[in-house]
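User: Got a minute to go through a model with me? I'd like to talk it over bit by bit.
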Protein chains: 2
Amino acid sequence: MEHINYKEDTEALARFAKALGHPTRIAILMYLENQSCCFTGDLVEVFPLAQSTISQHLKELKLAGLIQGELKPPKIKYCINHENWETAKALFSSFFEIHVADNACTS
Amino acid sequence: MEHINYKEDTEALARFAKALGHPTRIAILMYLENQSCCFTGDLVEVFPLAQSTISQHLKELKLAGLIQGELKPPKIKYCINHENWETAKALFSSFFEIHVADNACTS
DNA sequence: ATTTTATATCGCAAATGTACGATAAGAAAC
DNA sequence: GTTTCTTATCGTACATTTGCGATATAAAAT
């Protein structure tokens, strides 16, 4: 597997996007937006997926930096990582801001 | 493979995110933002990837609706699909707007 | 110390993604 | 009609992702 070196922002944006690239993970984050936090078990009740599958999705979201886990033994409380959330938001926001000249498509 | 039925917006957002989930595709779209349009061959010169690989990435971006191809025989001119772009932008934008009460994380 | 509770990790199978070279397809130019 | 140019598609190899059940871990409660 060759690895091209893109600009750090490009890589970062792609990493965030990849983490968001599954409906279950989007739904988990939306749930977290409403609840502000939750335990793994809450999600297992909400989604028709095995506990191990939920845990795996949480792991990916944590790895991407979009959520963080806090130990509340014997549970783990997950919240959105607001700092990285803002970073992702800013990256997507600036990415989608296009300013194309209207007459540019003439070739 | 079980298929959970999420809300259409959730699915749509995940589809867009998935399409953006590779640095090469992000870079292609950034290139298109600057150039406003381009041919496949342009990209093959810019990226150290085989022509078939570039073509595959373009196919995915087209399938996701983020770009569109216009026949300019013998070439194909690719531009950003502005209508869907705005849709994606709106989806990401509203997704990232969180309004969490400060005192919510108390459980 | 054993049991209970909550979550993570392992091992597996199936599906999907990424990259390549080779080949096909389409239109233009000769 | 053959050649040329540009792009798409095919076939293949390897890596990653997604899902599950089973098992491990870690702390609390008994």
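Analyst: Sure. In this predicted model, one place to start is chain B, where the side chains of Glu70(B) and Lys77(B) form a salt bridge, 3.6 Å from N to O.

User: Is Lys77(B) buried or exposed?

Analyst: Lys77(B) is buried, because its relative accessible area is 3% and buried means under 20%. Its partner Glu70(B) is partly exposed, at 38%.

User: How many salt bridges are there over all chains?

Analyst: The count comes to eight over all chains. Among them is the pair Glu60(B) and Arg25(B), at 3.3 Å from N to O.

User: Where do Glu60(B) and Arg25(B) sit in the chain?

Analyst: They link distant parts of it: Glu60(B) is in helix H4 (residues 51-63) of chain B, while Arg25(B) is in helix H2 (residues 23-35) of chain B, and the two are 35 residues apart. Arg25(B) counts as buried with 6% relative accessibility, whereas Glu60(B) counts as partly exposed with 36%.

User: And what does Glu8(B) pair with?

Analyst: Glu8(B) makes a salt bridge with Arg15(B), and their closest N and O atoms are 3.0 Å apart. Arg15(B) is partly exposed, because its relative accessibility is 48%.

User: OK, switching to strands. What is the strand order in the chain B sheet?

Analyst: It's an open sheet of three strands in the order E1-E3-E2 (chain B), and the pairing is antiparallel. Strand E1 (37-39) and strand E2 (67-72) of chain B are at the edges with a single partner strand each, so one side of each has no neighbour in the sheet. From one strand to the next, the twist averages 30°.

User: How many bridges are there between E1(B) and E3(B)?

Analyst: E1(B) and strand E3 (residues 75-80) of chain B pair over three bridges, in the antiparallel sense. As for individual residues, Cys37(B) has Cys79(B) in E3(B) as its bridge partner.

User: Two cysteines as bridge partners, hm. How many disulfides does the structure hold over all chains?

Analyst: Zero, over all chains. A disulfide is a covalent bond between the sulfur atoms of two cysteines. The bridge partners I mentioned are about strand pairing, with Cys37(B) partnered by Cys79(B) in E3(B).

User: What about cysteines in chain A? Is Cys37(A) buried or exposed?

Analyst: Cys37(A) is buried, with a relative accessible area of 7%. Cys79(A) is buried too, with 10%. And Cys38(A) stands opposite Tyr78(A) in E3(A).

User: How is the chain A sheet ordered?

Analyst: The three strands form an open sheet in the order E1-E3-E2 (chain A), with antiparallel pairing. Its edge strands are strand E1 (37-39) and strand E2 (67-72) of chain A, and each pairs on one side only. E1(A) pairs with strand E3 (residues 75-80) of chain A over three bridges.

User: Which strands do the helices lie across?

Analyst: In chain A, helix H2 (residues 23-35) lies across E1, E2 and E3 of chain A, at about 90° to E3(A). In chain B, H4(B) lies across E2 and E3 of chain B and runs at about 115° to E2(B).

User: Now the two copies. What turn lays chain A on chain B?

Analyst: A turn of 180° with a shift of 0.0 Å along the axis, and the RMSD is 0.0 Å. That is the relation of a two-fold axis. In chain A, the C-alpha nearest the axis belongs to Ala17(A), at 2.4 Å from it. The same surface serves both copies, and 100% of the contact residues of chain A recur in chain B.

User: So what does Ala17(B) touch?

Analyst: Leaving out residues up to four places away in sequence, Ala17(B) touches Ala17(A), Lys18(A), Leu20(A), Gly21(A) and Phe92(B). Ala17(B) is found in helix H1 (residues 8-19) of chain B.

User: Is Ala17(B) buried or exposed?

Analyst: Buried, with a relative accessible area of 0%.

User: And how far apart are Ala17(B) and Ala64(B) in space?

Analyst: Their C-alpha atoms are 9.4 Å apart, and in sequence the two residues are 47 apart.

Methods:
Residues numbered from 1 in each chain as written. Chains lettered and ligands numbered in written order. Predicted model: local features only at pLDDT ≥ 70, side-chain atom pairs only at ≥ 80, totals over all residues. Heavy atoms only, no water. Pairing = 2+ DSSP bridges. Helix = DSSP H or I, 4+ residues; strand = E, 2+ residues; numbered from the N terminus. Contact = heavy atoms within 4.5 Å. Axes fitted to C-alpha atoms, helices over the stretch in contact; angles between N-to-C directions. Salt bridge = Lys/Arg side-chain N within 4 Å of Asp/Glu carboxyl O. Buried < 20%, exposed > 50% of the residue type's maximum accessible area, 1.4 Å probe, protein only. Disulfide = S-S within 2.5 Å. Least-squares fit on C-alpha atoms with pLDDT ≥ 70 in both.
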